[in-house]
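User: Hi! I am new to protein structures and would like to learn how to read one. Could you take me through it step by step?

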Amino acid sequence: MQDNKSEVSLEDIVSLCKRRGFIFPGSEVYGGLSGTWDYGPLGVTLKRNIMNLWWKTFVEDREDMVGVDAAILMNQKVWQASGHVDTFTDPLVECSNCKSRFREDQIDTAKCPTCGKTGTFGEARQFNMMFETKIGPTANVLGEIKATRQEVESMLKIFDDEKTEEITLPVNTDLRDAVGASTVFLRPETAQGIFTNFKNVVDTLYPDLPFGIAQQGKAFRNEISPRDFVFRSREFEQMEIEYFVHPEKWEESFEMLRLAIHDWCNLLGLPETAVHELEVEQDDRAHYSKRTIDFEFDFPIGRKELLGLAYRTDFDLGNIERVSGKNMKYTPKAGGKPFIPHVIEPSFGVERTIMAVLTSAYKVDEVNSEKRVYLALPDNIAPVKYVVGPLLKNKPELVAKAREVYAGLKKKHGAVLWDDNANIGKRYRRADEIGVPYCVVIDFDSLTDNAVTVRDRNTTEQKRVSIDEIIG
Ligand code: ATP
């Protein structure tokens, strides 16, 4: 064996993911849908393993965290109060020649990346990235419109504002469409579902401060130019924590979470040298944030944001209290004045985590003078834990014994594959490429010594292990 080459290109990862059933382009059979991705049999398992490990690490193994699972569709007031309706925007520029659209800060606007013409971009427009949809049967197909008093009143307000006696509504426009009351947004982050449940959690569990509420789930952003495989998608998955603290003690919790993030990266096998902290300057931070660190990773596309850690003060709970009129204060158990807790938010993106994991795990070496590609995935997230098979598939006694071992391992680990195709060398290569830590082969000796050959993916070493030991 020779030393690993750690250099991996995005094409290597994309091609492995497609070839071996990790990740496919979304709606591919119909020509795709930009910014969407589908997870295949191995991808869904890898993704779930990562998300479950995160839940175990940040929620189950700790005393100071609980979880929630809020609805994706939320009352639009959530996004008004949080500022997303007004400010969740990216600068959009359009080429006057070929009409291609880009995020201004992602290109050199001197020359259009699509048609190559110079000087074709004008001023950027602010483009809101939230996906908007309607709730309920909004088309006027039933011949009657039901609306609340509030909706009618706001409709009348439009008349007042426009100083007109008459408004022409498009055919099929429902009154609720016209007043915008039926508009809902697909959540662009999971965080708000945590904030809106803060009071519910406090009223039901009354946790000691500081404590965190965690949530995992889908988020949607109408990115102007989705790119770089799953790195910038329009539909993706987040794992977020809102960690509520006393305003005077935010610094110690921030430090605790900063270290916990490094431990998490270690757990995933990300090399410490590839994870970097970027202290975000005041001018680049959200106005309410007193400190933000972007955790960046050396992806094949360069050093980019993997996840974020932000001190958000009492901005979110304060806004909810202001807009909803509901009390968001926490009453200290030891007595004292109720106050709105401050919050520290670690925000992890699942897709970027998967890309970082694959980048770190992708190795190339040489075995028996042949190039070998393998994924050195940590055992706890590898989608398949063992591959099992008989040395020869036409020997019934070997197959029977191998089936016994397979059944035992499957009962114990779940994610175990049967492979009796082709010669052992080829089986090892297939298993290596999808990151299976161990291959188990049942040979003629197994029939008498009740032992099997276990081959280690990383070292390619083989050892004899008793069947009782591996399935016991
Ligand atoms: P960027 O600056 O790269 O657009 P962001 O600062 O807007 O990212 P946040 O709003 O902080 O990202 O979201 C938290 C995390 O969610 C990010 O660190 C990232 O891991 C993930 N994330 C955000 N947008 C996307 C996306 N379009 N596709 C995949 N993951 C994303």
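Analyst: Happy to help; we will go from the whole chain to its sheets, then a helix, then the ligand. Please keep in mind that this is a predicted model.

User: Where do I start? How many helices and strands does the chain have?

Analyst: Start with an inventory. The secondary structure here comes to 15 helices and 22 strands. Next, look at the extent: the C-alpha trace spans about 95 × 65 × 50 Å along its principal axes. Of the 472 residues, 32% count as buried. You can also ask how far apart in sequence the contacting residues are. Among contacts with a separation of 6 or more, 67% join residues 24 or more positions apart.

User: Now the sheets. In what order do the strands of the 3-stranded open sheet lie?

Analyst: To read a sheet, list its strands in spatial order. Here the order is 6-5-7, and the pairing is antiparallel. Strand 6 (101-103) and strand 7 (125-128) are at the edges with a single partner strand each, so each has one side without a neighbour in the sheet. On average, neighbouring strands of this sheet are turned by 45° against each other, direction ignored.

User: What does one pairing look like in detail, say strand 5 with strand 6?

Analyst: Strand 5 (residues 89-94) pairs with strand 6 in the antiparallel sense, over 3 bridges. To find one of these on screen, pick Val 93: its bridge partner in strand 6 is Phe 102.

User: Which strands make up the open sheet of 7 strands?

Analyst: Reading across, the order is 3-10-11-15-14-13-12, and the pairing is mixed. Its edge strands are strand 3 (65-67) and strand 12 (275-279), which pair on one side only. From one strand to the next, the twist averages 25°. At one edge, strand 3 and strand 10 (residues 211-220) pair in the parallel sense over 3 bridges, and Met 65 stands opposite Gly 212 in strand 10.

User: Which helix packs on this sheet, touching strand 11?

Analyst: That is helix 11, which also touches strand 13 (291-299), strand 14 and strand 15. The direction of helix 11 makes about 105° with that of strand 11.

User: How do I read the two sides of a helix?

Analyst: Begin with the geometry. An α-helix has 3.6 residues a turn, so residues three or four places apart point the same way. Now try helix 13 (residues 424-433), whose buried residues are Arg 427, Tyr 428, Ala 431 and Asp 432. Seen down the axis of helix 13, these buried residues fall within an arc of 135°, so they line one face. On the other side, Gly 425 and Lys 426 are exposed.

User: What covers the buried residues of helix 13?

Analyst: The cover includes strand 17 (370-375), strand 18 (386-390), strand 20 (438-442) and strand 21 (451-456). While you are there, look just past the helix: Gly 435 follows helix 13 and has a positive phi, near 80°.

User: And the ligand? Which residues are closest to it?

Analyst: For a ligand, list the surrounding shell and then trace each residue to its element. Here 13 residues surround the ligand, and the closest are Phe 236, Gly 308, Ser 347, Gly 349 and Arg 352. Two or more shell residues each come from strand 11 (235-245), strand 14 (302-311), strand 15 (342-349) and helix 11 (350-361). Strand 14 gives the largest share, 3 residues.

User: How many shell residues are nonpolar, polar and charged?

Analyst: The shell around the ligand divides into 2 nonpolar, 5 polar and 6 charged residues.

Methods: Residues numbered from 1 in each chain as written. Predicted model: local features only at pLDDT ≥ 70, side-chain atom pairs only at ≥ 80, totals over all residues. Buried ≥ 20, exposed ≤ 12 C-beta atoms within 10 Å, placed from the backbone. Helix = DSSP H or I, 4+ residues; strand = E, 2+ residues; numbered from the N terminus. Arc of directions from axis to C-beta. Contact = placed C-beta atoms within 7 Å. Near = placed C-beta within 6 Å. Nonpolar A, V, L, I, M, F, W, Y, C, P; charged D, E, K, R; others polar. Pairing = 2+ DSSP bridges. Axes fitted to C-alpha atoms, helices over the stretch in contact; angles between N-to-C directions.
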